[in-house]
Amino acid sequence: MVNRTSRLKKIGILVWSILLLFILYCPVLFLVVFGFNASSYALRWEGFSLRWYEKTLENPEMLSALFNSIMVATVSTCFAVVIGFLYALWSHRQQNKKIAAAGDSLMSLPLFMPEIVIAIGLLVVVSQIFRPAASNIGIPLDSMGSIILGHTTLALGYAALVLRNRFKCYDLQQELAAIDLGATPRQVFFRVMLPQLVPGFAAASCLSFAVSLDDFYVSYFLSTGGSSLQTLPIYIWSLQGRRAMTPEINVVSSLLLFIAAFFFAAGLLLSRIDATGKQSGKDHL
Amino acid sequence: MKWWGLPAKIWMSCFILLPFLWLVLLSLQPTAASTSITTFDLHQFSRALTPPYSNIIIDSVAMSFLAALTVLAIAVPVTWSISRMPSKKKNLWLALFTIPLGLNFVVRIYAWFVLFRPEGIFSRALRGFGLDFAFVSSQFGVFVGLIYGYLPIMFLPLYSVFEKMERSQLEAAQDLGASTLQRWWHIIIPETRSGLFASFLFVFVPMLGEYLIPRMIGGGLVATLGTQIEGQFLGSGRPNWPFGAALSICLLVAAAAVLSSSFILLSRQKSEKSARWSIAHLD
């Protein structure tokens with residue numbers, strides 16, 4: 001009797017899980033498959049073809065969106081990882097735990113604020129404070145620059161968190177041993193500390209890159225100031241609003257899906273590797 | 001060494017704290033045309049808190065609250081059973097439920113929209129079964145879209161909550177013959193309460209400001225806090241930044257209200273429980 005009800009429960013959970021997975025994956029699978037459509041209409045299937053892939057990969061508008069996305073993601077990842085690393089080091093060395101905790105909560109603000117508020121806040125300060133101030137000293141702050149500022153802010157929240165947690169499993173013994181054996185501070189930094197942190201750097205970079213590629217709100221609100229600049233998500237958004245939908249939107253979406261998901265998965269997996277290179281099973285996220 | 005934390009702190013102050021402060025100041029400006037900070041009055045807030053805007057705020061809070069609760073209810077059974085699997089199986093299932101989190105949000109919502117438009121495959125199939133729902137251009141559609149969009153975010157936080165839970169009490173209850181319902185009601189839910197609240201808020205807060213889902217699935221027909229805020233800043237009509245700023249302050253206040261009320265609720269229940277505990281032990 002007990003066995004039968006527990007088996008029923010197990011089957012129930014299994015059915016429920018499969019149903020959920022179906023609902024989660026099915027729309028996206030349809031979208032990717034319809035990118036290989038021969039038809040000129042996004043919604044009618046007329047056989048397999050790579051026609052729209054060829055067409056899309058030659059479309060200058062889409063290429064510039066792709067270029068913008070990668071450019072913005074690369075620059076903001078560099079900023080976020082460097083600033084985040086310095087912060088993690090400071091927070092790790094900070095003796096006063098209360099000060100360190102206050103710093104940590106400041107850094108995690110972008111993770112908890114609604115994105116739309118971050119985006120309009122940035123729009124407001126960029127157009128009313130930073131852009132006038134920058135042009136006063138002769139630096140034009142265009143859409144690209146302001147989107148990079150915004151993406152760095154979002155990515156910094158994640159990078160600081162990942163690197164900060166990385167330091168928690170940092171092996172101080174190695175550093176002390178190196179000092180005992182007469183290593184200079186520079187040698188300790190480059191030969192002992194940095195190698196231990198390599199997986200953390202890799203994880204933080206991949207996640208920052210994925211956050212920047214995925215972002216919609218910040219790019220959407222900041223791209224309209226001055227010259228309008230499209231990143232891939234914004235380009236997809238604008239295609240969706242047009243009257244005639246061709247399978248091109250499916251192709252662009254598939255490309256974005258694959259690139260961003262790759263970096264996201266890599267970041268997540270790397271954040272689970274501990275200092276000795278083994279899978280620790282514990283998330284450092 | 002001391003200055004190493006400075007760049008990050010300056011960055012966050014310039015691009016998170018300063019914008020927040022500036023939004024507060026901007027929301028206190030009387031007219032739409034005010035671009036500089038001159039005076040202080042509450043005109044924008046009194047406009048935001050009277051109909052039709054007050055109704056939109058209430059609707060958005062209610063809809064996000066219900067949607068986040070639904071997401072929690074959908075995710076709990078699955079996540080719980082994953083957290084109790086042997087570790088190899090566990091990793092596979094966890095990965096399957098985590099991957100959608102890495103799929104681009106705009107793309108996922110668009111993919112959903114395509115299948116559930118009146119001429120889409122899913123809504124046609126559902127009509128075949130006699131289920132004729134308005135999945136787009138309706139409040140209901142936006143509600144379902146919110147659930148679909150935010151479901152993947154729920155799994156990881158919930159999983160870590162269940163994973164960390166102390167198991168001994170549960171095993172004792174099981175040995176003593178407690179039913180599933182009793183175990184959930186008396187042990188699992190009280191034990192993981194604060195984690196459940198945190199996961200709920202993790203979904204509720206971004207839902208409250210959601211713009212993309214109501215705009216794309218609602219087709220411009222469903223007004224939410226997010227679409228109203230966007231309209232004041234980038235809308236086709238006359239932009240009104242101070243009013244948009246006031247609406248976003250309202251959004252933050254609503255989120256903070258739910259957050260603090262859940263804290264109060266939690267701490268009260270905790271003290272009640274500990275009081276009962278000590279009384280039981282005095283006997």
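**Entry 1: chain A, overall**

I began with the contacts in chain A between residues at least 6 apart in sequence, and I found that 74% of them join residues at least 24 apart. I note here that this is a predicted model. I then listed the secondary structure of chain A, which consists of twelve helices and zero strands. Written in sequence order, the pattern of chain A is α-α-α-α-α-α-α-α-α-α-α-α. I took the extent of the C-alpha trace of chain A along its principal axes, and it spans about 80 × 70 × 35 Å. I also looked up burial in chain A, where 42% of the 285 residues are buried.

**Entry 2: chain B, overall**

I repeated these look-ups for chain B. Its secondary structure comes to twelve helices and zero strands, and the pattern along the sequence reads α-α-α-α-α-α-α-α-α-α-α-α. The box filled by the C-alpha atoms of chain B, taken along the principal axes, is roughly 70 × 60 × 45 Å. Of the 283 residues in chain B, 38% are buried. For contacts in chain B with a separation of 6 or more, I found that residues 24 or more positions apart account for 68%.

**Entry 3: the contact between the chains**

I asked how many residues each chain brings to the contact. Chain A gives 57 residues and chain B gives 55 residues. On the side of chain A that touches chain B, the largest share, eleven residues, comes from helix 6 (residues 115-136) of chain A. I sorted this side of chain A by class and obtained 44 nonpolar, ten polar and three charged residues.

**Entry 4: the nonpolar core**

I looked up which residues touch the most other members of the largest nonpolar core. The core has 146 residues, and the residues in question are Ala119(A), Ala159(A), Ile236(A) and Ile109(B). I followed Ala159(A) further: leaving aside residues up to four places away in sequence, Ala159(A) touches Ala80(A), Val81(A), Gly84(A), Ala204(A) and Ser208(A).

**Entry 5: helices 11 and 12 of chain A**

I examined helix 11 (residues 232-241) of chain A against helix 12 (residues 248-270) of chain A; their axes come within 10 Å and cross at roughly 160°. Angles over 145 degrees count as roughly antiparallel, and helix 11 and helix 12 of chain A are therefore roughly antiparallel to each other. The crossing of helix 11 of chain A past helix 12 of chain A is left-handed. From helix 11 of chain A, the contact uses Leu232(A), Pro233(A), Tyr235(A), Ile236(A), Leu239(A) and Gln240(A). Helix 12 of chain A contributes Glu248(A), Ile249(A), Val252(A), Ser253(A) and Leu256(A). By class, I recorded eight nonpolar, two polar and one charged residues in this contact of helix 11 with helix 12 of chain A.

**Entry 6: single positions**

I checked Val82(A), which lies in helix 3 (residues 60-93) of chain A. Val82(A) counts as partly exposed because it has 14 C-beta neighbours inside 10 Å. Val82(A) and Ala160(A) are 78 residues apart in sequence, and their C-alpha atoms are 9.4 Å apart.

In chain B I checked Ser54(B), found in helix 3 (residues 53-83) of chain B. With 13 other C-beta atoms within 10 Å, Ser54(B) is partly exposed. The C-alpha atoms of Ser54(B) and Leu225(B) are separated by 9.8 Å, while the two residues are 171 residues apart along the chain.

**Entry 7: helix 8 of chain B**

I asked how many of the eight residues of helix 8 (residues 168-175) of chain B are buried. The count is zero, and this helix is hardly covered. Helix 8 of chain B is followed by Gly177(B), for which I noted a positive phi, near 85°.

Note on methods. Residues numbered from 1 in each chain as written. Chains lettered and ligands numbered in written order. Predicted model: local features only at pLDDT ≥ 70, side-chain atom pairs only at ≥ 80, totals over all residues. Contact = placed C-beta atoms within 7 Å. Helix = DSSP H or I, 4+ residues; strand = E, 2+ residues; numbered from the N terminus. Nonpolar A, V, L, I, M, F, W, Y, C, P; charged D, E, K, R; others polar. Buried ≥ 20, exposed ≤ 12 C-beta atoms within 10 Å, placed from the backbone. Core = buried A, V, L, I, M, F, W, Y, C linked by C-beta atoms within 7 Å. Axes fitted to C-alpha atoms, helices over the stretch in contact; angles between N-to-C directions. Parallel < 35°, antiparallel > 145°, perpendicular 65-115°, else oblique. Left-handed = near helix turned anticlockwise from the far one by under 90°.
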